[in-house]
Amino acid sequence: MSTISPTFGPFEKELTHFLKEMESEDELGVVVRCAIHIEHQVLGFVKDALPNGDAIDRRDWEYSDLLTLAQACDLSPQVLAPARAIAKIRNQFAHNLDYALDKNASGSLQSTLTGVPLMSYRAAVKDLYNRKKQGTKIDMDLDRPLDQFKMIAYIVILSVTALRIKATRGTANSKPATM
């Protein structure tokens, strides 16, 4: 997961920055930064979707309200469900000193994946295992809850970013940005 497809154009720098952050953070840092990056992309989606989106000031919205607004702007439920689950995990860290990612948390997050994000996750897992089989050294181990969380968060961020690109390439008469 160290390179970004050129199809992400103006978002390549943000996505590359995100990947670098994920390599240098502990569990709490990963969860918080993932949530921040997802929130940033969701806010961008909302601003892109509205005729006067720049009038939105993020400080006026709770994250759950922002997700509801994104839903009203036709952000795919396939992205909203895992985004909400990641926010729930972030809140667990915020309100429970002893909280740690475990297989239940990562399994619960994985269960929110449907449609294109689920297919992307399965393809990434298959690619990871195939590379390991071929002897490629891979630092990611999807048996570790943190690595599973990272993979899913990355897929959510890429999904929102792809929908932003799709929505901005559309016309006023185009269909909503769905997966």
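Me: Starting with one residue, is Ile165 buried or exposed?
Reply: In this predicted model, Ile165 is buried, because its relative accessible area is 10%, which falls under the 20% cut-off.

Me: And where is Ile165 placed?
Reply: Ile165 has its place in helix H7, which covers residues 145-169.

Me: How far apart are Ile165 and Asp48, in sequence and in space?
Reply: In sequence Ile165 and Asp48 are separated by 117 residues, while their C-alpha atoms lie 9.4 Å apart in space.

Me: Stepping back, how many helices and strands does the protein chain have?
Reply: There are seven helices and zero strands in the protein chain, and read from the N terminus the order of elements is α-α-α-α-α-α-α.

Me: What share of the residues count as buried?
Reply: The protein chain has 179 residues, and 44% of them count as buried.

Me: And what part of the contacts comes from residues 24 or more positions apart?
Reply: If you take the contacts in the protein chain with a separation of 6 or more, 63% of them are between residues 24 or more positions apart.

Me: On to charges, then: how many salt bridges are there?
Reply: The count comes to four salt bridges, and one of them joins Arg164 to Asp48, with 3.0 Å between the closest N and O atoms.

Me: Which parts does the pair of Arg164 and Asp48 tie together?
Reply: Arg164 belongs to helix H7 and Asp48 to helix H2 (residues 27-49), so this salt bridge links parts that stand 116 residues apart in sequence. As for the two partners, Arg164 is buried at a relative accessible area of 10%, whereas Asp48 counts as partly exposed at 33%.

Me: What about Asp127 and Arg131, how do their side chains meet?
Reply: Asp127 and Arg131 meet in a salt bridge as well, with an N to O distance of 2.9 Å. Both residues lie in helix H6 (residues 115-133), and because they are four residues apart, about one helical turn separates them. Asp127 is partly exposed, with a relative accessible area of 36%, and Arg131 counts as partly exposed at 40%.

Me: Which residue does Asp147 meet in a salt bridge?
Reply: The partner of Asp147 is Arg144, and the N to O distance of this salt bridge is 2.3 Å. Asp147 counts as buried at 5% relative accessibility, while Arg144, at 39%, counts as partly exposed.

Me: Lys150 caught my eye too, so what is the nearest side chain of opposite charge?
Reply: For Lys150 that side chain is Asp147, at 4.1 Å, and Lys150 has no salt bridge although it is buried. The cut-off for a salt bridge is 4 Å, so the distance of 4.1 Å from Lys150 to Asp147 falls outside it.

Me: Where does Lys150 lie, and what does it touch?
Reply: Lys150 lies in helix H7, and leaving aside residues up to four places away in sequence, it touches Met22, Val30 and Met140.

Me: Switching to rings, how many aromatic pairs are counted?
Reply: The count gives one aromatic pair. It is formed by Phe93 and Tyr99, whose ring centres are 4.9 Å apart and whose planes stand at 85 degrees, so the pair is edge-to-face.

Me: Are Phe93 and Tyr99 buried or exposed?
Reply: Phe93 and Tyr99 are both buried.

Me: Which ring does the charged end of Arg90 sit over?
Reply: The charged end of Arg90 sits over the ring of Tyr63, at 5.3 Å from the ring centre.

Me: How many disulfides are there?
Reply: The count comes to zero disulfides. Among the cysteines, Cys34 is buried with a relative accessible area of 0%, and Cys73 counts as buried at 14%.

Me: One last thing, what is phi of Asp74?
Reply: Phi of Asp74 is near 75 degrees, which is a positive value in a residue other than glycine. Most residues other than glycine have a negative phi.

Me: And where is Asp74 found?
Reply: Asp74 is found in the loop that runs between helix H3 (63-72) and helix H4 (77-95), and with a relative accessible area of 35% Asp74 is partly exposed.

How values were computed. Residues numbered from 1 in each chain as written. Predicted model: local features only at pLDDT ≥ 70, side-chain atom pairs only at ≥ 80, totals over all residues. Heavy atoms only, no water. Disulfide = S-S within 2.5 Å. Buried < 20%, exposed > 50% of the residue type's maximum accessible area, 1.4 Å probe, protein only. Phe/Tyr/Trp six-rings, centres within 6.5 Å; stacked < 30°, edge-to-face > 60°. Lys NZ or Arg CZ within 6 Å of the ring centre and 35° of its normal. Helix = DSSP H or I, 4+ residues; strand = E, 2+ residues; numbered from the N terminus. Lys, Arg positive; Asp, Glu negative; His and termini not counted. Contact = heavy atoms within 4.5 Å.
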